Amino acid sequence: MSEIASSSTTKIKRLPEKARTDVKTLHAVLDAGIVAHVGVVDHGQPIVIPVGYARDHNTLLIHGSSASRLFKLLDSGAPACVTVTLLDGLVLARSLFESSINYRCVMVFGTATRLKGQAEVDALKVVTEHLVPGRWDDARQPTAKELKATMTLSLSLEESSVKISEGPPEDLDEDLESDAGKAIWAGHIPIFEQLGVPIPDQFVPNGTPIPDYMRTWKR
Ligand SMILES: Cc1cc2nc3c(=O)[nH]c(=O)nc-3n(C[C@H](O)[C@H](O)[C@H](O)COP(=O)(O)OP(=O)(O)OC[C@H]3O[C@@H](n4cnc5c(N)ncnc54)[C@H](O)[C@@H]3O)c2cc1C
């Protein structure tokens, strides 16, 4: 499968030139993100909750407390809309109207499936390794009690859309040609995500080196 299947829900209508339909880009955006916003309707009230996530093949994995309202709703079959947004820049056009934000954004629609037993443990490993590759083998593994307190869900990427906004502003000809427009600075300011140097907590003995998998890893 190399193209995302389009549906009436996922077809991008507003600024369709920003749509991307290849699965490779869908996966690349999801692999670059850390936080997903999960939207569901609870008794008529829309709620949107941010969670960590990871992609596994053509599914999105999330986990949380078994007691969480969001996870209980999703487990009961509530339809969900999940959004992952990566901020890439501020776009400063000559006019305020054309000023905008550069981004890579994915929206996924569907219902979640609860993972249990080994499938859940495998999924938790994927989520952990997505955040810091190498961490799963270094940290203590979850106990049966901790797994019971955790709900792990998967959501198919079958019904999803990708929208990407990039590059410089697109000003109106009249703003590019007028003296007033020419006097205004325009362009874009890139936004980069950057991880700082790891800081040990007070229980790490002095002089303990930062593990290689963390020291050498760059997102
Ligand atoms: C960081 C950021 C800032 C933005 N700021 C603004 C803003 O200030 N004002 C504004 O009007 N819009 C903004 N957008 C764009 C906004 O997300 C919508 O794409 C746009 O408002 C059109 O909405 P619509 O409901 O008319 O889309 P439609 O094109 O009608 O939506 C149809 C389908 O297209 C898909 N889709 C729509 N938007 C997205 C998306 N962003 N990513 C992936 N799939 C999508 C979904 O599957 C949706 O169901 C921003 C987007 C991002 C990521």
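**A walk through one chain and its ligand**

Let me start with a single residue. Ala119 is partly exposed: 13 other C-beta atoms lie within 10 Å of its own. The reasoning is a count. A residue needs 20 or more such neighbours to be buried, and 12 or fewer to be exposed, so 13 falls in between. Ala119 sits in helix α3. Compare its position with that of Met1. Those two residues are 118 apart in sequence, and their C-alpha atoms are 23 Å apart in space.

One caution before going on. This is a predicted model.

Now the whole chain. The protein chain has 219 residues, and 21% of them count as buried. Its secondary structure comes to eight helices and 11 strands. Along its principal axes, the C-alpha trace spans about 70 × 50 × 35 Å. What about contacts along the sequence? Take contacts between residues at least 6 apart in sequence: 72% of them join residues at least 24 apart.

Here is another pair to keep in mind. Ala144 and Ala93 are 51 residues apart along the chain, yet 55 Å separates their C-alpha atoms. Ala144 belongs to helix α5. Is Ala144 buried or exposed? Exposed, because just 7 other C-beta atoms lie within 10 Å of it.

Next, the core. The largest nonpolar core holds 30 residues. Leu60, Leu74 and Val106 touch the most other members. Many elements feed this core. Those giving two or more residues are α1 (23-32), β2 (35-42), β5 (59-65), α2 (69-75), β6, β7, α3 (117-131) and β9 (150-156). Which of them gives the most? That is α2, with four residues. There is a general background to this. In soluble globular proteins, nonpolar side chains tend to be buried together.

Look at Val106 for a moment. Set aside its neighbours within four places in sequence. Val106 then contacts Leu26, Val29, Leu30, Val84, Ser160 and Val162.

Three of those names take us to helix α1. Leu26, Val29 and Leu30 are the buried residues of α1. They cover an arc of only 95° around the axis, so they sit on the same side of α1. The general rule is worth recalling. An α-helix has 3.6 residues a turn, so residues three or four places apart point the same way. What covers that buried side of α1? The cover includes β4, β5, β6, β7 and β10. Turn to the face pointing away from the buried side. There you find the exposed residues Lys24, Asp31 and Ala32.

Back to α3, the helix we started in. First, its length. At 1.5 Å a residue, the 15 residues of α3 should span 21 Å. The end C-alpha atoms are 22 Å apart, which agrees. Which residues of α3 are buried? Glu120, Ala123, Leu124 and Thr128. Seen down the axis, these buried residues fall within an arc of 135°, so they line one face of the helix. They pack against β4 (54-56), β5, β8 (113-115), α4 (135-138), α5 (144-148) and β9.

Now the ligand. How many residues surround the ligand? There are 15, and the closest are Lys13, Arg14, Cys105, Ser161 and Lys163. Three elements give two or more residues to this shell: β6 (80-92), β7 (100-110) and β10 (160-165). The largest share comes from β7, with five residues. So much for where they come from; what kinds of residue are they? The shell divides into eight nonpolar, four polar and three charged residues. Notice that β7 also gave two or more residues to the core, and β6 did too.

Last, two backbone oddities. Leu15 has a phi near 50°, a positive value in a residue other than glycine. Leu15 lies in the segment before β1 (19-20). Its surroundings are sparse enough to call it exposed, because it has 10 C-beta neighbours inside 10 Å. The second is His57. Its phi is also positive, about 50°, although His57 is not a glycine. His57 is found in the loop between β4 and β5. Nine is the count to remember here: His57 is exposed, with 9 other C-beta atoms within 10 Å.

To recap. The core has 30 residues, with α2 giving the most. The ligand shell has 15 residues, and β7 supplies five of them. Helices α1 and α3 each gather their buried residues on one side.

How values were computed: Residues numbered from 1 in each chain as written. Predicted model: local features only at pLDDT ≥ 70, side-chain atom pairs only at ≥ 80, totals over all residues. Near = placed C-beta within 6 Å. Nonpolar A, V, L, I, M, F, W, Y, C, P; charged D, E, K, R; others polar. Core = buried A, V, L, I, M, F, W, Y, C linked by C-beta atoms within 7 Å. Contact = placed C-beta atoms within 7 Å. Expected span 1.5 Å × (residues − 1). Arc of directions from axis to C-beta.
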